[in-house]
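I'm opening a fresh page for a structure I haven't met before. Here it is, before I jot anything down.

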Amino acid sequence: MTSSRLSGFRDLDVEGRRATVAEQAGLGAADLGVLDPTRGLTLDQADHMIENVVGVMGLPFGVATNFTINGEDVLVPMVTEEPSVVAAASNSARIARVRGGFFTSSTAPLMQAQIQILGCADPAGARVRLLEAREELIEAANAQDPALISFGGGVHDLVVRLVESRAGTYVVAHLVVDVRDAMGANAVNTMAEAVAERAGRIAGGRTLLRILTNKADMRLARARAVFDSEALGGPEVVENIVHASALAESDPYRAATHNKGIMNGITAVVLATGNDTRAVEAGAHSHAVDERGRYAALSHFEKDADGHLTGVLELPMPVGLVGGATKVHPVARAAVRILAPPDARRLAEVVVATGLAQNLAALRALATEGIQRGHMSLHARNVAVSAGATGDEIEKVVARLVQDRAVRADHAETVLAELRGSSTPTSGGTA
Ligand SMILES: CC(C)(COP(=O)([O-])OP(=O)([O-])OC[C@H]1O[C@@H](n2cnc3c(N)ncnc32)[C@H](O)[C@@H]1OP(=O)([O-])[O-])[C@@H](O)C(=O)NCCC(=O)NCCSC(=O)C[C@@](C)(O)CC(=O)[O-]
Ligand SMILES: NC(=O)C1=CN([C@@H]2O[C@H](COP(=O)(O)OP(=O)(O)OC[C@H]3O[C@@H](n4cnc5c(N)ncnc54)[C@H](OP(=O)(O)O)[C@@H]3O)[C@@H](O)[C@H]2O)C=CC1
């Protein structure tokens, strides 16, 4: 990647943008041909992915510009139905660049599978017996996935917890598995199922659930950035964003929306790369519960000693490069080619950096002019099209809706009727 700072990129047509991305990412133009809606996922491929297939649904695939992560420029592929998300991520990344962009780190890719054991007469004793059998259980689990072992992964540890419930005490054994470049659900579930019966016998109970936990708190990725005070709009903006962050750290009503803003970025990259959005979302929301049991903001913003804004975001990021839809979906493969991450950890870090960028853009808008001007002026295109505008009419209707500060379907229909020289408003989408 030569540069992600692509001035004027948004003003190109789709073909022009695609050629620019291919050039910047060092790809041949044909590599991104699958992004053409007529050449993406085929019905036959879809029919092999899920059940009862009757079609394929398209979603917009964009790239966020301006990202520098650990000193390297990268174009970030994003799939989302929501207007202003890609613009917002690009906008924040542009501001972050002033002070070096995003800096990221991550833990080893450790996923955990749980084995629930019921009816142990002596749960404390069962726990210790299981820990005594650690080597035997790890060896049996590792035997399930020689490929993973050959890549340097495999079971890393055995942890045993006692969980009190309204139905009694459960002994819950966790296989902690280094899944390397996989998301890892299938790999760890296979291992848990293979050793569960033996674990139950050692514990003196009956095994029930054998499944990974989506609270992937041993597989964390982090991003931080310094957002220049002047580029943000001055010291007052920094102050206001700190207050916005503080409210989200203390008030679950605000935290839910704050975190939704983060997930605008995260889910878009996870989806673009064919990863499991629900697994990432479940992990994120479980991580948002703080040590006092309260749901809180995932990110934190502070003013640094020089008066600039620092932002940090850390959360579980179970994304892979080798399994699931990432491997079979042609568009997901194109997204991975654009990003070219050397491994799944790097992909996880890019996802979290995008989440932080997305969060900052929304907070900056909220802490200054409000969300509606920037968001609604991009949303206005949807409204214009829903009202029936086509071709050149779309931009003309958008301009009027924004100018009149009335991004509404009824107003779009009135404006469209005026443009067409008719006094009767069009009725949505039928023109
Ligand atoms: C929308 C902007 C970016 C406009 O911001 P602006 O300052 O009017 O834009 P600008 O024209 O000055 O451009 C600034 C940069 O933004 C990018 N940009 C700007 N426009 C485009 C575009 N059309 N296409 C592509 N990129 C665009 C682009 O990078 C550009 O720089 P350049 O690279 O061109 O030199 C700004 O108002 C913003 O960041 N708003 C936040 C929008 C947002 O967060 N949307 C998410 C939906 S709202 C929501 O779901 C979550 C929320 C808000 O509730 C979360 C929360 O409460 O915390
Ligand atoms: N609760 C949840 O989140 C659940 C999620 N899922 C789904 O599971 C899927 C992901 O499972 P996952 O285990 O990642 O997928 P896969 O089983 O498709 O891929 C993992 C396998 O890929 C092989 N592999 C090849 N190269 C590598 C490498 N470099 N690093 C690691 N493994 C490598 C390994 O062995 P080998 O070659 O022997 O295959 C490994 O076991 C997703 O589709 C997800 O939706 C499923 C159940 C529950």
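These are my notes on a helix, a ligand shell and two backbone oddities.

**Entry one: helix H10.** I'm working with a predicted model. I looked up H10 first, which runs over residues 252–272. Does its length fit or clash with its residue count? At 1.5 Å a residue, its 21 residues should span 30 Å, and the end C-alpha atoms sit 29 Å apart, so the two agree. I also noted a bend of about 30° at Met263. H10 is mostly covered, with 15 of its 21 residues buried. Just past the helix, Gly274 has a positive phi of about 75°.

**Entry two: around ligand 2.** I found 23 residues around this ligand, and Arg180, Ala185, Asn186, Gly323 and Gly324 come nearest. Which helix gives the largest share of the shell? That's H7, with 4 residues. Helix H6 (146–150) also supplies at least two. By type, I get 11 nonpolar, 8 polar and 4 charged residues. Domain 1 (60–107 + 220–368) and domain 2 (110–212) each put in at least three.

**Entry three: odd phi angles.** Most residues other than glycine have a negative phi. Arg180 goes the other way, with a positive phi of about 50°. I placed Arg180 in the loop between strand E6 (168–178) and H7. Buried or exposed? Arg180 counts as buried, because it has 23 C-beta neighbours inside 10 Å and the cut-off is 20 or more.

Asn70 also has a positive phi of about 50°. Asn70 lies in the loop between strand E1 (61–69) and strand E2 (72–79). With 16 other C-beta atoms within 10 Å, Asn70 is partly exposed.

Notes:
Residues are numbered from 1 along each chain as its sequence is written. Chains are lettered from A and ligands numbered from 1 in the order in which they are written. This is a predicted model: local features need pLDDT of at least 70, side-chain atom pairs count only at pLDDT 80 or more; totals for chains, interfaces and linings use all residues. The expected span of a helix is 1.5 Å times one less than its number of residues. The bend at a residue is the angle between axes fitted to the seven residues ending there and the seven starting there. A residue is buried if 20 or more other C-beta atoms lie within 10 Å of its own, exposed if 12 or fewer, and partly exposed in between; C-beta atoms are placed from the backbone. A residue is near a molecule or strand if its C-beta atom, placed from the backbone, lies within 6 Å of it. Ala, Val, Leu, Ile, Met, Phe, Trp, Tyr, Cys and Pro count as nonpolar, Asp, Glu, Lys and Arg as charged, and the others, Gly among them, as polar. Domain bounds come from an automatic or database domain assignment.
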